Structures are given as structure tokens and as C-alpha cells.
Protein chains: 2
Amino acid sequence: MSRQTRSRSAETGARIRAAALRLIARDGYAAVSMRQIAGEVGLQVGALYNHMADKQSLLVALMREHLEALLAALEAEALPEDPEAALEGFVRFHIRYHAARPDEVFIAYMELRNLAPENFAGIERLRRSYEDRLQAVLERGAERGVFAVRDARVATMAVIAMLTGVTTWFRPEGRLSLEAVEAIYVDMVRKAVGAGRPG
Amino acid sequence: MSRQTRSRSAETGARIRAAALRLIARDGYAAVSMRQIAGEVGLQVGALYNHMADKQSLLVALMREHLEALLAALEAEALPEDPEAALEGFVRFHIRYHAARPDEVFIAYMELRNLAPENFAGIERLRRSYEDRLQAVLERGAERGVFAVRDARVATMAVIAMLTGVTTWFRPEGRLSLEAVEAIYVDMVRKAVGAGRPG
DNA sequence: GTCTATACCACGATAGAC
DNA sequence: GTCTATCGTGGTATAGAC
């Protein structure tokens with residue numbers, strides 16, 4: 001009854017977000033209409049507004065869900081304490097997680113400008129919190145003298161940009177397996193931050 | 001006369017593209033209306049169509065102009081033949097050129113999905129041609145044994161993603177000067193591709 | 001919670017006077 | 001080459017019946 005109603009409603013909301021995710025990743029937030037999303041789910045436009053306040057909050061929900069899941073997954077990874085091992089773990093995790101979710105990644109990076117300022121701030125905080133995990137690894141390695149990093153913040157941004165870039169060209173059916181790509185990036189990132197060098 | 005008319009017309013076209021560049025970089029192609037662009041230039045909507053066939057060809061013109069200028073500027077740079085020197089030259093050039101043109105860069109990377117397929121192909125060819133300049137440097141270095149690169153194509157994509165990422169956070173009034181940022185990236189990129197190591 | 005119907009507005013693009 | 005005016009379409013969001 002009430003439980004069934006609630007669960008059915010929650011399910012519809014999830015189906016709406018799933019459809020919106022796919023459409024927005026393909027065409028962009030501004031180019032996707034509420035009518036399109038409704039059609040994809042088999043609803044009329046008006047029914048969407050039983051599940052969200054407006055179009056903007058739909059976008060916010062997609063980004064927030066993605067970033068919170070990303071953070072939770074990184075937590076679950078439980079990176080080792082050793083900086084070199086933690087760095088390799090982070091690189092492999094980031095590539096694997098992002099390559100598996102190209103739609104979410106695309107939206108979270110490209111649709112930031114469509115967020116109202118108050119929403120932008122919250123999303124940026126989540127992203128920053130993710131970046132800070134990598135930065136902490138680099139700083140720990142630098143302190144211990146196992147990494148040679150001139151500026152941990154810049155190195156963090158450089159590594160994340162490099163890794164996220166994989167989603168723009170990687171195709172599962174392509175020349176290289178994901179495992180092979182991970183290995184190449186682990187190698188490049190390790191070298192970039194001066195890991196494994198004679199002290 | 002006819003010359004004046006032509007030059008005035010060309011100038012209006014340039015002002016339209018400049019306004020469109022700024023607006024599209026800020027709000028996205030789909031979110032910017034022809035009316036907005038016209039208003040910015042001080043024209044009525046209809047007048048825009050004296051200078052372009054439609055909205056799509058405006059976007060194509062912006063991207064094409066950017067990528068052609070980028071390629072020409074790289075040519076003008078005349079990278080040295082020595083791989084290590086050429087790599088440093090490319091890194092500094094790419095960061096400097098892109099940091100100075102955030103609007104163009106943003107559009108060229110983010111609005112690809114708004115291109116009709118036939119336009120997409122041409123734009124992608126230009127981008128690929130730019131990437132190939134870096135790839136050639138990496139391959140030459142690898143052949144001579146001065147770089148340690150497992151896969152030149154992947155390394156190319158990794159380096160470009162890393163460098164272009166600078167535009168997402170760099171601010172001239174920020175903590176680091178552009179010169180300082182360049183130096184940090186030269187260092188990281190050199191290490192990432194194994195330059196300057198004992199043979 | 002979904003439906004039909006609609007309010008209200010903005011869109012890209014074009015026509016024709018000047 | 002720019003203007004005014006308009007066509008035809010589709011946008012977000014809401015109202016009220018069921």
C-alpha cells in the first residue's frame with residue numbers, strides 16, 4: 001500500500017534520472033527537453049513534476065549522486081598507507097571507475113555551468129573532497145621523500161586531468177584493454193611524481 | 001564604396017563571432033539564442049543571417065578558426081629537432097596558448113556534440129592533426145632512446161589532457177604565475193615520458 | 001501519481017519594406 | 001545590410017479531473 005506506493009514512486013524517480021542521465025550525456029542539459037525525458041520513461045510531461053521540483057534540481061541530483069557514489073567507492077577501496085601503493089591504487093581506481101561511467105563523468109564535468117550558484121558550491125565541494133584524497137597521498141609521499149613533487153595541488157590537478165582524459169578516447173572494443181591502459185597510466189603517473197627513484 | 005561595404009560587412013561578421021564566442025563559452029551553445037547574440041552586437045535577429053547560413057555554421061566557424069589558429073601558431077613556434085627541447089617547447093606553447101584563450105578552448109572541447117556529423121569530421125581532423133605534432137615528438141624521442149614511452153598514442157592523449165586541464169583552474173591573479181605553472185608541467189611531463197634518465 | 005489541456009514564452013528562421 | 005513583423009514550433013511549468 002503506502003509502502004508499495006512509495007517504492008513504486010521511488011522507482012519511477014530512478015527511471016527518470018536514468019533516462020535523463022543518458023539523454024543529457026548525449027545532447028547536453030540545455031538541449032534535452034522535459035518532454036523528451038518523459039517520453040523516454042513513458043510518462044507525460046506533467047508527471048515528471050511529481051518527482052522533482054524543476055529541471056535544475058534533476059541535474060543537481062544526477063551530479064550529486066555521481067559524486068557521492070564516487071567518494072563512497074574510493075572509501076571502499078581502502079587505499080594502503082604506503083604512498084606508492086596508494087598512488088597506484090588511486091590511479092587504477094579512478095580509471096576503472098570513470099571508464100565504466102562515461103555518462104555520469106561527462107555530465108559532472110560539462111554541465112557545471114548550468115548549475116545555479118548555490119548548487120554549484122555544493123557540487124564543487126564534493127569534487128574538491130575527492131581531489132583532496134589524491135592530494136593527501138602526494139603530500140604524504142613528498143614528506144617521506146619517496147615522491148618528488150614541486151607543488152602538490154598542481155600535481156593533483158595534473159594527474160586527475162590526465163586520468164579523466166581516458167574517458168574521452170577509451171573504447172572497450174579498442175586496441176588496448178582497460179587493464180593495459182591502467183598499467184600505462186600507473187607507469188606515467190609514478191614517473192611524473194618521481195616515484196621509485198634513487199633517493 | 002564596394003570596398004567599404006565589404007570591409008564593414010566583414011567587420012560585423014567578426015563582431016558577431018566575438019560576441020557568440022563569449023556567450024557560448026559562458027552558457028553553452030544550446031543555451032545561447034540568436035536573439036542574445038544579436039542584442040550583444042546591437043542588431044536585430046534577422047540581420048545575423050546576412051553573415052551566416054544558420055546557428056550551426058556559426059559554431060563551426062568558431063571552432064575552425066580556433067583550431068586553425070592553434071595549428072598556425074604551433075607551426076610558427078618552430079619546435080627544435082631535438083626531442084627533449086621540442087617536448088619542452090610544446091608544453092610551454094600549449095599551456096601559454098590555451099591559458100590565453102579559455103573561451104575558445106572551452107568551446108572547442110565542450111561543444112563537439114552539437115556539431116552535425118559532417119562538421120564534426122572536419123573539426124576532429126584538425127584536432128587530430130595538432131595531437132599528431134606532439135605524438136611525432138614522443139615517437140622521435142622513443143626511437144632515439146631518450147624517452148621511455150610504452151605507447152606513444154596513449155602518452156600523447158595523457159599529456160594533452162594534463163596540459164589542457166590547466167585552463168580549468170589557472171587564474172592570472174592566482175597563487176602561481178603562468179611561468180611557474182609552465183615550469184612545473186615541463187618537469188612533470190618530462191618525467192612522465194622518462195626524459196633525462198640514465199640511458 | 002498520472003492524465004489531458006493549456007498558459008505563457010522563447011526559439012530559429014524567413015519575408016519584404018527601406 | 002538592417003529593419004519590423006511574423007511563421008511555425010517547441011520550451012518549462014501548472015491546473016484540475018480521475
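**View 1. Helix 7 of chain B, from end to end.** Helix 7 of chain B covers residues 117-143, and at 1.5 Å a residue its 27 residues should span 39 Å; the end C-alpha atoms are 37 Å apart, which agrees. The expected span is 1.5 Å times one less than the number of residues, and helices here are DSSP runs (H or I, at least four residues) numbered from the N terminus. This is a predicted model, in which local features need pLDDT of at least 70 and side-chain atom pairs count only at pLDDT 80 or more, while totals for chains, interfaces and linings use all residues. Residues are numbered from 1 along each chain as its sequence is written, chains are lettered from A and ligands numbered from 1 in the order in which they are written, and side-chain values use heavy atoms, with hydrogens and water left out.

**View 2. The buried residues of helix 7 of chain B.** Among the buried residues of this helix are B:Ile123, B:Leu126, B:Tyr130, B:Leu134 and B:Leu138, along with B:Arg127 and B:Glu131. Buried means under 20% relative accessible area, with a 1.4 Å probe and protein chains only. The buried residues of helix 7 pack against helix 4 (55-77), helix 5 (83-99), helix 6 (102-110) and helix 8 (152-164) of chain B. After helix 7 comes B:Gly145, which has a positive phi, near 80 degrees.

**View 3. Inside the largest nonpolar core.** This core has 120 residues, and those touching the most other members are A:Ile37, A:Leu87, A:Tyr185, B:Ile37, B:Leu87 and B:Tyr185. A nonpolar core is a set of buried Ala, Val, Leu, Ile, Met, Phe, Trp, Tyr and Cys residues joined through side-chain atoms within 4.5 Å. Take a look at A:Ile37: leaving aside its neighbours within four places in sequence, A:Ile37 is in contact with A:Ile16, A:Ala20, A:Leu23, A:Val32, A:Leu48 and A:Leu58. Contact means heavy atoms within 4.5 Å.

**View 4. The protein around DNA strand C.** DNA strand C is surrounded by 17 residues, the closest being A:Gln44, A:Asn50, A:His51, B:Ser33 and B:Met34. Sugar and phosphate make up 66% of the atoms of strand C that come within 4 Å of the protein. The side chain of A:His51 has an N or O atom 2.6 Å from a phosphate oxygen of strand C. B:Arg35 instead meets a base, with a polar side-chain atom 3.0 Å from a base nitrogen of strand C. Helix 1 (2-27) of chain A and helix 2 (34-41) of chain B each supply at least two residues of the surface near strand C.

**View 5. The protein around DNA strand D.** Here 16 residues surround the strand, and the closest are A:Met34, A:Arg35, B:Gln44, B:Asn50 and B:His51. A polar side-chain atom of A:Arg35 is 2.4 Å from a base nitrogen of DNA strand D. Backbone atoms take part as well: an N or O atom in the backbone of B:Gln44 lies 2.7 Å from a phosphate oxygen of strand D, and a polar backbone atom of A:Lys55 lies 3.1 Å from a phosphate oxygen of strand D. Helix 1 of chain B gives the largest share of the surface near strand D, three residues.

**View 6. A:Glu182 and its partners.** A:Glu182 sits in helix 10 (residues 178-192) of chain A, and its 5% relative accessibility is why A:Glu182 counts as buried. Its side chain is 3.0 Å from that of A:Arg92 in a polar contact, a pair of N or O atoms within 3.5 Å; within protein, one must be able to donate a hydrogen and the other to accept it, and residues adjacent in sequence count only if both atoms are side-chain atoms. Leaving aside neighbours within four places in sequence, A:Glu182 is in contact with A:Arg92, A:Ile95 and A:Arg96.

How values were computed:
Buried means under 20% relative accessible area, exposed over 50%, partly exposed in between (1.4 Å probe, protein chains only). A residue is near a molecule or strand if one of its heavy atoms lies within 4 Å of it.
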